[in-house]
Amino acid sequence: MAILNPKITHTAIDGGVFQQEVQDRNVMGVPTVFLNGEHFSQGRMSLGEIIAMLDTSASDKQVAKLNARAAYDVLIIGSGPAGAAAAVYSARKGIRTGLMGERFGGQVLDTVDIENYISVPKTEGAKLATALKSHVDDYDVDVIDLQTASKLIPAKAPGELHQIETASGATLKARSIIFATGARWRNMNVPGEDQYRTRGVTYCPHCDGPLFKGKHVAVIGGGNSGVEAAIDLAGVVKHVTLLEFTPELKADSVLQAKVRSLPNVDIILNAQTTEVKGD
Ligand SMILES: Cc1cc2nc3c(=O)[nH]c(=O)nc-3n(C[C@H](O)[C@H](O)[C@H](O)COP(=O)(O)OP(=O)(O)OC[C@H]3O[C@@H](n4cnc5c(N)ncnc54)[C@H](O)[C@@H]3O)c2cc1C
């Protein structure tokens with residue numbers, strides 16, 4: 001926005017280089033955005049999300065636009081890789097296709113290296129999400145971003161339309177609906193977890209890891225995501241304790257071998273997390 005609009009100025013601070021700024025502003029998650037000196041937002045946001053926060057009437061305008069949409073032949077809910085694939089396949093059949101989601105790209109936005117996408121030896125999550133968007137844009141797909149489906153009202157009789165209500169208050173209609181809502185991170189549901197979210201409890205190791213440089217961190221979960229997080233963090237922080245509540249790690253063996261070889265990672269199995277405490 002600052003590049004395009006001379007009335008907006010922007011200063012980006014790399015917390016890994018300017019650690020004092022991180023401490024003074026009590027930043028424990030990135031990016032943390034301050035607007036005119038006041039805390040504005042924290043965590044990855046798209047341009048659309050920023051504009052929606054700034055333009056308070058944007059939501060009403062968007063609801064009116066969505067309500068005016070003609071019914072879809074197929075409406076896909078969730079715009080991760082599965083939703084994008086469903087949209088491409090549907091549009092190729094020449095039927096009216098809508099793709100609605102909270103954030104285009106889904107979980108791949110939360111990872112850096114992707115090395116198991118056959119024919120592409122190495123890519124990055126953000127690059128894959130951009131490629132998915134570009135592929136979907138090659139077709140006649142109505143992409144509706146930054147919207148959460150909150151209710152399904154099924155058709156009352158064969159031949160009638162299903163309806164999807166959005167959290168913003170709009171209603172979309174479709175002959176058929178595909179749910180491609182993927183997965184979300186699982187919470188521990190222990191005391192202190194909500195209290196310390198973004199203030200020590202975080203969900204994006206490669207985003208927030210540098211803020212814990214030189215510190216001791218715990219990673220909860222010994223599946224692929226947890227073990228990958230432990231491996232990535234071990235290169236940044238002083239020490240990682242990987243906690244898994246079952247008697248064994250569930251991650252792929254290649255990842256298990258790697259994490260076990262790291263000198264600054266301890267693995268605790270049969271671990272029960274009961275509380276998050278902070279000082
Ligand atoms: C840290 C991490 C690393 C990973 N690394 C790899 C890897 O290296 N290789 C690999 O193959 N896989 C990897 N994965 C897994 C991969 O990202 C997922 O398997 C894949 O993204 C699943 O795609 P999906 O479209 O089914 O769901 P998701 O990617 O989960 O997308 C679902 C979308 O639906 C949206 N949504 C959910 N509910 C609603 C609603 N009510 N209304 C509107 N939208 C909604 C979500 O916000 C999301 O955008 C990784 C995942 C993570 C978290």
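This report describes one pocket and a few ring contacts in a predicted model.

The second largest pocket holds about 1200 Å³ of space. Its lining is made up of 34 residues, and those closest to the centre of the pocket are H10, T11, T32, V33 and F34. Four elements, namely α1 (19–24), β1 (32–35), β2 (38–42) and α2 (47–54), each supply at least two residues of this lining, and β1 gives the most, with four residues. When the lining residues of the second largest pocket are sorted by character, 22 are nonpolar, nine are polar and three are charged.

F34, one of the residues closest to the centre of that pocket, also has a charged residue over the face of its ring, as the table shows.

| Charged residue | Ring | Distance from the ring centre |
|---|---|---|
| R25 | F34 | 5.1 Å |
| K133 | F104 | 6.0 Å |

Rings can also lie beside other rings, and a pair of aromatic rings is described by the distance of the centres and the angle of the planes. The count for this model comes to one aromatic pair. W185 and Y203 form this pair, which is stacked, with 4.3 Å from centre to centre and 15° between the planes. Both W185 and Y203 lie in the loop between β10 (171–179) and α6 (205–208), so the pair ties together parts that are 18 residues apart in sequence.

Are the two partners buried or exposed? W185 counts as exposed because its relative accessibility is 51%, whereas Y203, at 24% relative accessibility, counts as partly exposed.

How values were computed: Residues numbered from 1 in each chain as written. Predicted model: local features only at pLDDT ≥ 70, side-chain atom pairs only at ≥ 80, totals over all residues. Heavy atoms only, no water. 1 Å grid on protein atoms, 1.4 Å probe; cavity = no way out; pocket = protein on both sides within 12 Å on 5 of 7 lines; lining within 4 Å. Points joined across faces, edges and corners; volume = space filled by probe spheres on them. Nonpolar A, V, L, I, M, F, W, Y, C, P; charged D, E, K, R; others polar. Phe/Tyr/Trp six-rings, centres within 6.5 Å; stacked < 30°, edge-to-face > 60°. Buried < 20%, exposed > 50% of the residue type's maximum accessible area, 1.4 Å probe, protein only. Lys NZ or Arg CZ within 6 Å of the ring centre and 35° of its normal.
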